Amino acid sequence: MRHLAQWFDSIETGKPFVSCKICQNTLSTTGRSWVINKHYHRKECVMEYAICDHCRDEVAGSFSESSKAAIRDFLETKIDWEQRMLEWKKLDQPIKRMDHCVACTMPREWMLGFTISAQFRNDSSLIEGALPLLLCSHCVSQITESLSPESRETWNRFISMYFEGPDSPDYYPGIF
Ligand SMILES: [Zn+2]
Ligand SMILES: [Zn+2]
């Protein structure tokens, strides 16, 4: 039986992430929590990374105020948190929260792509709160479209600096 936390193991190594994609520091030595983001397209993981809280603050800080506000606005208004929390609490298996988009509730099987995010404590335990969550690529593009050109540029720079392969504008910066 697959556990919720296993969704966030590295596909590349088959094990939990060890270091931050940006600063390369060992996550457990950063003294703070970290976030794992994975992007799937046609059921295949096309990008995955762990980012420590220090680097997350730095990348998030480089986004414009209007973009941060747009992302916050989406997360606050397009996701029925009260409803999701109630549903998640009733699940017999926590892993089932990954079966639907957290915002539009579309079933995962119907999605062309999706992004998942989770936050881990410094002792490597999964934090179960608003995260882990799954967002479908349709909802992700609603978020990326609301970013200012400067923030998109920042984000694309981040992607091209740390990842190989063709860049796509539809990666949700799951760092907020
Ligand atoms: Zn880092
Ligand atoms: Zn959605």
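**Exercise 1. Take stock of the fold.** How many helices and strands are there in the protein, and what pattern do they follow along the sequence?

*Solution.* Start by counting: this predicted model has five helices and five strands. Now read along the sequence, and you get β-β-α-α-α-β-β-β-α-α. On to overall dimensions. Along the principal axes, the C-alpha atoms fill a box of roughly 40 × 35 × 30 Å. A compact globule of 176 residues would have a radius of gyration near 16 Å, and the protein has 15 Å, so the two agree. For burial, 28% of the 176 residues count as buried. Finally, check how far along the chain the contacts reach: take those between residues at least 6 apart in sequence, and 65% of them join residues at least 24 apart.

**Exercise 2. Work out the surroundings of strand 3.** Is strand 3 (residues 113-120) largely enclosed or not, and why?

*Solution.* Go residue by residue, using the cut-off of 20 or more other C-beta atoms within 10 Å for "buried". Eight of the eight residues pass, so strand 3 is largely enclosed by the rest of the structure. Next, sort the side chains by direction. In a regular strand they alternate between the two faces of the sheet. Here Gly 113, Thr 115, Ser 117 and Gln 119 point one way, while Phe 114, Ile 116, Ala 118 and Phe 120 point the other way. Both sets are buried.

**Exercise 3. Find the partners of strand 3.** Which strands are joined to strand 3 by bridges, and how many bridges are there in each case?

*Solution.* Take the partners one at a time.

- Strand 1 (residues 34-41) runs antiparallel to strand 3, and eight bridges join them. Look for Lys 38, which stands opposite Ile 116.
- Strand 5 (residues 133-136) is also antiparallel to strand 3, with four bridges. Ile 116 turns up again here, with Leu 134 as its bridge partner in strand 5.
- Strand 4 (residues 126-127) is antiparallel to strand 3 too, joined by two bridges. Pick out Gln 119 and you'll find Ile 127 as its bridge partner in strand 4.

So much for strand 3 itself; strand 1 has another neighbour. Eight bridges join strand 1 to strand 2, again antiparallel, and His 41 has Glu 44 as its bridge partner in strand 2.

**Exercise 4. Inspect the loops.** Which residue takes a positive phi in the hairpin of strand 1 and strand 2, and which one does in the hairpin of strand 3 and strand 4?

*Solution.* Begin with the hairpin of strand 1 and strand 2, which has two residues between the strands. Arg 42 is the one to spot: its phi is positive, about 45°, although it is not a glycine. With 8 other C-beta atoms within 10 Å, Arg 42 is exposed.

Then move to the hairpin of strand 3 and strand 4, with five residues between the strands. Ser 124 has a positive phi of about 75° and isn't a glycine either. Ser 124 has 14 other C-beta atoms within 10 Å, so it is partly exposed.

One more loop deserves a look, the one between strand 4 and strand 5, where you'll find Pro 132. The peptide bond from Leu 131 to Pro 132 is cis, with omega near -5°.

**Exercise 5. Map the core.** Which residues touch the most other members of the largest nonpolar core, and which elements give two or more residues to this core?

*Solution.* As background, nonpolar side chains tend to be buried together in soluble globular proteins. In this model the largest nonpolar core has 30 residues, and Trp 34 and Leu 135 touch the most other members. Now list the elements that give two or more residues: strand 1, strand 2 (44-52), helix 2 (65-77), strand 3, strand 5 and helix 4 (137-145).

**Exercise 6. Place two residues.** Where are Cys 23 and Ser 66 found, and are they buried or partly exposed?

*Solution.* Cys 23 first: it sits in the segment before strand 1. It has 13 other C-beta atoms within 10 Å, so it is partly exposed. Leave out residues up to four places away in sequence, and Cys 23 touches Cys 52, His 54 and Cys 55. From Cys 23 to Lys 78, 55 residues apart in sequence, the C-alpha distance is 33 Å.

Ser 66 is in helix 2. With 13 other C-beta atoms within 10 Å, Ser 66 is partly exposed. Measuring across the chain, Ser 66 and Ile 143 are 77 residues apart, and their C-alpha atoms are separated by 12 Å.

Conventions. Residues numbered from 1 in each chain as written. Chains lettered and ligands numbered in written order. Predicted model: local features only at pLDDT ≥ 70, side-chain atom pairs only at ≥ 80, totals over all residues. Buried ≥ 20, exposed ≤ 12 C-beta atoms within 10 Å, placed from the backbone. Pairing = 2+ DSSP bridges. Rg over C-alpha atoms; globule rule 2.2 N^0.38 Å. Contact = placed C-beta atoms within 7 Å. Core = buried A, V, L, I, M, F, W, Y, C linked by C-beta atoms within 7 Å.
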